[in-house]
Amino acid sequence: QELLVESGGGLVHAGDSLRLSCAASGGTFDRSTIAWFRQAPGKEREFVSAIKWNNITTYADSVQGRFTVSRDGAKNLVYLQMGSLKPEDTALYYCAARAMTISRLAQHYDLWGQGTQVTVSS
């Protein structure tokens with residue numbers, strides 16, 4: 001059974017850094033795109049970043065220059081390094097996988113983790 005598990009969330013102060021991890025198991029992810037989405041209370045799920053199997057990356061404008069996505073193919077891990085965090089980054093962060101190229105649309109992703117909470121205090 002394919003599974004994604006996020007970790008690394010927590011409570012931090014504005015300006016701090018945090019690294020999220022997404023562990024993939026039960027399948028072959030070496031040709032997958034892994035994306036990060038987030039959802040704040042009362043808001044729709046929004047795209048954050050994605051990395052393709054060949055390490056092509058893309059970011060939402062709101063996190064460009066502050067967040068960095070990377071992957072360790074040998075370990076089936078994808079990381080989201082978040083810096084200069086702001087209170088508006090507070091959300092439940094999900095990783096998601098799809099077998100095709102990068103998409104910024106949540107409905108294009110087939111497999112989702114349960115999410116990890118990130119809270120940034122001002």
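Here is a friendly exchange about the predicted model shown above.

Biologist: Before we start, what kind of model is this, and how are residues numbered?

Modeller: Residues are numbered from 1 along each chain as its sequence is written. This is a predicted model, where local features need pLDDT of at least 70, side-chain atom pairs count only at pLDDT 80 or more, and totals for chains, interfaces and linings use all residues, while side-chain values use heavy atoms, leaving out hydrogens and water.

Biologist: How many helices and strands does the chain have?

Modeller: Helices (H or I, at least four residues) and strands (E, at least two) are DSSP runs, numbered from the N terminus. Read along the sequence, the pattern is β-β-β-β-β-β-β-β-β-β-β. The count is zero helices and 11 strands.

Biologist: Why does the radius of gyration agree with a compact globule?

Modeller: The radius is taken over C-alpha atoms, and the globule rule is 2.2 Å times the number of residues to the power 0.38. For 122 residues that rule gives a value near 14 Å, and the chain agrees with 13 Å.

Biologist: What share of the residues is buried?

Modeller: Buried means under 20% relative accessible area, exposed over 50%, and partly exposed in between (1.4 Å probe, protein chains only). Of the 122 residues in the chain, the buried share is 43%.

Biologist: Which residues are linked in a network of salt bridges?

Modeller: Side chains of opposite charge can pair when their charged atoms come close. A salt bridge here is a side-chain nitrogen of Lys or Arg within 4 Å of a carboxyl oxygen of Asp or Glu, and a search of the whole structure finds three. The linked residues are Arg-38, Glu-46, Arg-66 and Asp-89.

Biologist: How far apart are the closest N and O atoms of Glu-46 and Arg-38, which form a salt bridge?

Modeller: Glu-46 is partly exposed, at 35% relative accessibility. Its partner Arg-38 counts as buried, at 5%. The closest N and O atoms of this pair are separated by 2.6 Å.

Biologist: How many residues apart in sequence are the parts that Arg-38 and Asp-89 tie together?

Modeller: These two form a salt bridge with closest N and O atoms 2.9 Å apart. Arg-38 lies in strand β4 (residues 33-39) and Asp-89 in the loop between β8 (77-82) and β9 (91-98), so the parts they tie together have a sequence separation of 51 residues.

Biologist: And which residue in the loop between β6 and β7 pairs with Asp-89?

Modeller: Asp-89 is buried, with a relative accessible area of 0%. Its partner is also buried, at 15%, and their closest N and O atoms are 2.8 Å apart. The loop between β6 (57-59) and β7 (67-72) holds that partner, and the pair ties together parts 23 residues apart in sequence, so the answer is Arg-66.

Biologist: Which residues does Arg-31 touch, not counting those up to four places away in sequence?

Modeller: Arg-31 is found in the loop between β3 (18-25) and β4. Its C-alpha atom is separated by 7.7 Å from that of Lys-52, 21 residues apart along the chain. Taking contact as heavy atoms within 4.5 Å, Arg-31 touches Trp-53 and Ala-99.
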